[in-house]
Structure formats: C-alpha cells, structure tokens
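Open the model in your viewer and show it as a cartoon, with side chains hidden for now. The stops below can be selected one after another.

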Amino acid sequence: MSIDLEALYIDLHQHPELSFQETRTAGIAAGHLRDLGLEVEEGVGITGVVGLLRNGDGPTIWARADMDALPVEEQTGLAYASTATGVDPAGHTVPVMHACGHDMHVTAMIGAVERLVADRAEWSGTLVVIIQPAEEYGAGARAMLDAGILDRYPKPDIVLGQHVTPFAAGIIGVRSGTQMAASDGLTVTLHGRGGHGSRPHTTVDPVVMAAATVMRLQTIASRETDPQDVAVVTVGSIHAGLKNNIIPAEATLELSLRYPNDEARATVLASVERIVRAEALASGAEREPEIRTDHTLPPTINDEDAVARVTTAFQRVLGEAAVIDPGMITGSEDVSWFARDAGAPLVFWFWGGVDPATFAAAVAGGSVAHDIPTNHSPLFAPEIHPTIEVGVTAMATAVREFLG
C-alpha cells in the first residue's frame, strides 16, 4: 500500500517544530524509511535522521531534506493551518509554522524514496537519505557531520537537495555555479548608560545609538556596493528596554548578511564593524560594542557537470520549458557543508509551489513581489498538488540519473 503523501504533508504542516526540537517529525520520517526497508539511525546531530539503502554496486548518493519550522504565526487561513507553539532558545513561547516549506521537503523525500524502492530492480548503488534538523539556524548540517556520519556511512559521490519556492508549480530552477549566497548571522550589542526617561542628558541612550546604526548599515548595500554586485544587510531584530520611562543600558541588533563570494563577505563584514564602532563612538558610548558571529554559511555552489546531467534528466521527464535558470538566490543554505566536507559535487535546485494560474496572473500584472507570498511569510503555503508530485519526481529523477 502506497504512502498517502497528502496526509503526510498536512500532518507535518499542522505539527511544526523549531530547530533541534524536531522529535515528532524525525520519528515520522524515520518510521516511513524503516517501513520502506532502509536501515535507519535517529538522533544524529541531536534530532537528525539517516536512512541507508544498499542496492548493489554503484555510486553513493546522499539525498538531503531539512525538517525544521520557524517562529512565525501562520495567517494562511487554510483548514490545516498550524496553531502550534514552541519555546525558542531564549525561553519564550512563540507561534510555530512551516513558513519555509520544510514539511514539503520531507514529504517529497519520503515519496521519492518510496518510488526508488519500488524501482530498485532498475538501478544499482547506495542511497543515503539525510533528514536534517536546524537548517534555519544554519547549524543542522554541521551537527550531523560533527556526529560522524562521514565516518559511519559510505561517502557520497554526489550530494542532492531541493527547496520549494514561489515559482509556478511544475517549474524547476537550477543553475551551475553559485546557486545561493553565502551568509553570516551576527548579534551586535551596543552599550549605553541607562537612567530615567525624564533625564536623558544623564544617559548614553542605546536606543538612539541602535537607530542610527540601523540607518547607517543600510548604506553598505546602497552606497558602498557596486550596483552590479550583490550584498544584503538586513537587521531583523532590535531589542532594548522594558518600560517607556527607563532608558536601558544596552540594545541588541540581530543582522543577516548575504554575499556571493568570500571577497564580498570580507568587505561587508569590515563595513559592518566600522559602522557599528563608529556609531557607538559618535554616541559617546563608554564601552566598545560587541559583535558576535552566530553562524556562517558558505555559498551554495552547484557542480557544472552534475547540473548539466540533472538538467537534461529534468527536461526529459518534465519537459524543456519546465526547467529554468533562476539566477543566484540571495537566500542561504547549509546543505553545501555535506558536499564540502565529503569533497563531493553538489546539485541543489528549487521547485515551484504556486498555483500556475495565480502565478501567471501576478506576472501579467507585474505584482509577483506583492501578490505571491515568499518563504518565511506567514502567508506562505505551497499548493499541495502538483507540488508534491513534482518534488517526488525531481528527487527520484536526479537520484536515478546517477544510479542508472
């Protein structure tokens, strides 16, 4: 009896779990992989799952799907919308949603493995399935690698992965070279001198310092970066103070930085440090600001020869018009750590999850950015069909391209 992938997807969507807390999701994925005949290890890198299928001589493929959700309150209005909550690393109770589509990633992977098991007489080699935690922290791949999976499992000849995105359903986006940007996550702590809100002259106000810093940081992309190049500097979080009549002693900024290569990274990081320290000095801060790197992700670089093979396979199965070059995506991923540590080529692609008629209307009206919710939006919700089927087909097709 085949797996009901729609029911699996809805169940995962209704029960999202934050990074490194994906125990229920991991258990469900592990159960399906065992039922399909794979050797399964759980608790890898805290909550990760590895499934192993040996099927004779041939190459070894690592196929990866991530499974964590985000602290976002769902606003899709769907009958199966998440109402879940979780506890974030700071101990706060937060709403939780699969706002990046990782529920679809797991569903498509389980469906692809089911198809590969059914067709195992037609291919030969070894399949290692990675169900990865904590992609949203940029930490899950590294946690699994640090847990020794390269020592315990056959090393990959190629690493494969995919991500649902706001393209029209049925469309695959893949390119050789840099597919996704590198990124750093920074936490900046600005130190002031607290005091009574009625006596600001006796303080060094870190809220004003933070506001000036945020505004000046925007000039890195708009005034310091060649318009033909790519740099993203986003301040996604500001925290300061607890009451309106108290000037706090410090303010904290959380930054997300994106760039296409190491040279651009070095330039942007240097600019961030210069601006943060200069604004603190201009504000009269008595302590130097602190800049902490929370995560670093390399660019996601696809292998040219492997992409050519996968592209041809996708076009053969889905049609030539279904495969596009999406350009470099300024989002970032930790999937490439698997390929980098193993010294193996990587192919990572995107597949669409938007109703094709809705997407076409938005294109015609020039309103894609406004009308089509993107990943991390509280409105993001892939169309169940044909998104599942295309994701299953894409992953199974890519694996078969290298296993024959």
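The tour of this predicted model goes through two sheets, the helices packed on them, and two pockets.

**First stop: the four-stranded sheet.** Select strands E12 (232-240), E14 (250-259), E10 (182-191) and E15 (290-297). They form an open antiparallel sheet, in the order E12-E14-E10-E15. E12 and E15 are the edge strands with a single partner each, so one side of each has no neighbour in the sheet. On average, neighbouring strands here are turned by 15° against each other, direction ignored. For a look at the interior of the sheet, take E10 and E14, which are joined by 10 bridges in the antiparallel sense. Show Gly185 and its bridge partner in E14, Ser256.

Now add helix H6, residues 206-223, which packs on this sheet and touches E10, E12 and E14. The direction of H6 makes about 170° with that of E12. Helix H7, residues 262-282, lies across E10, E12, E14 and E15 and runs at about 160° to E14.

**Second stop: the eight-stranded sheet.** This open sheet has mixed pairing and the order E1-E2-E6-E3-E7-E18-E8-E17. Its edges are E1 (39-44) and E17 (323-324), each paired on one side only. Select E7 (158-168) together with E18 (346-354). The two run parallel and share 8 bridges; Gly161 has Phe348 in E18 as its bridge partner.

Helix H3, residues 102-118, packs on the sheet with contacts to E2, E3, E6, E7 and E18. The direction of H3 makes about 150° with that of E3. Helix H10, residues 356-365, lies across E7 and E18, at about 65° to E7.

**Third stop: the largest pocket.** Turn on side chains for Leu70, Glu136, Arg258, His295 and His376. Of the 48 lining residues, these are the closest to the centre of the largest pocket, which has a volume of about 1900 Å³. Which strands supply at least two residues each to the lining? E7, E10, E12, E14 and E15 do. By class, the lining has 19 nonpolar, 21 polar and 8 charged residues.

**Last stop: the second largest pocket.** The space here is about 220 Å³. Select the lining: Glu224, Thr225, Asp226, Asp229, Val230, Ala231, Pro260, Asn261, Glu263, Ala264, Thr267 and Val268. Colouring by class gives 5 nonpolar, 3 polar and 4 charged residues.

Technical notes:
Residues are numbered from 1 along each chain as its sequence is written. This is a predicted model: local features need pLDDT of at least 70, side-chain atom pairs count only at pLDDT 80 or more; totals for chains, interfaces and linings use all residues. Side-chain values use heavy atoms; hydrogens and water are left out. On a 1 Å grid over the protein atoms alone, a cavity is a set of points where a 1.4 Å probe fits but cannot get out, and a pocket is an open set with protein on both sides within 12 Å along at least five of seven lines; lining residues have an atom within 4 Å of a point. Grid points are joined across faces, edges and corners, and a volume is the space filled by probe spheres set on the points. Ala, Val, Leu, Ile, Met, Phe, Trp, Tyr, Cys and Pro count as nonpolar, Asp, Glu, Lys and Arg as charged, and the others, Gly among them, as polar. Two strands pair if DSSP finds at least two bridges between them. Axes are lines fitted to C-alpha atoms, for helices over the stretch in contact, and angles run from 0 to 180 degrees between N-to-C directions. Contact means heavy atoms within 4.5 Å.
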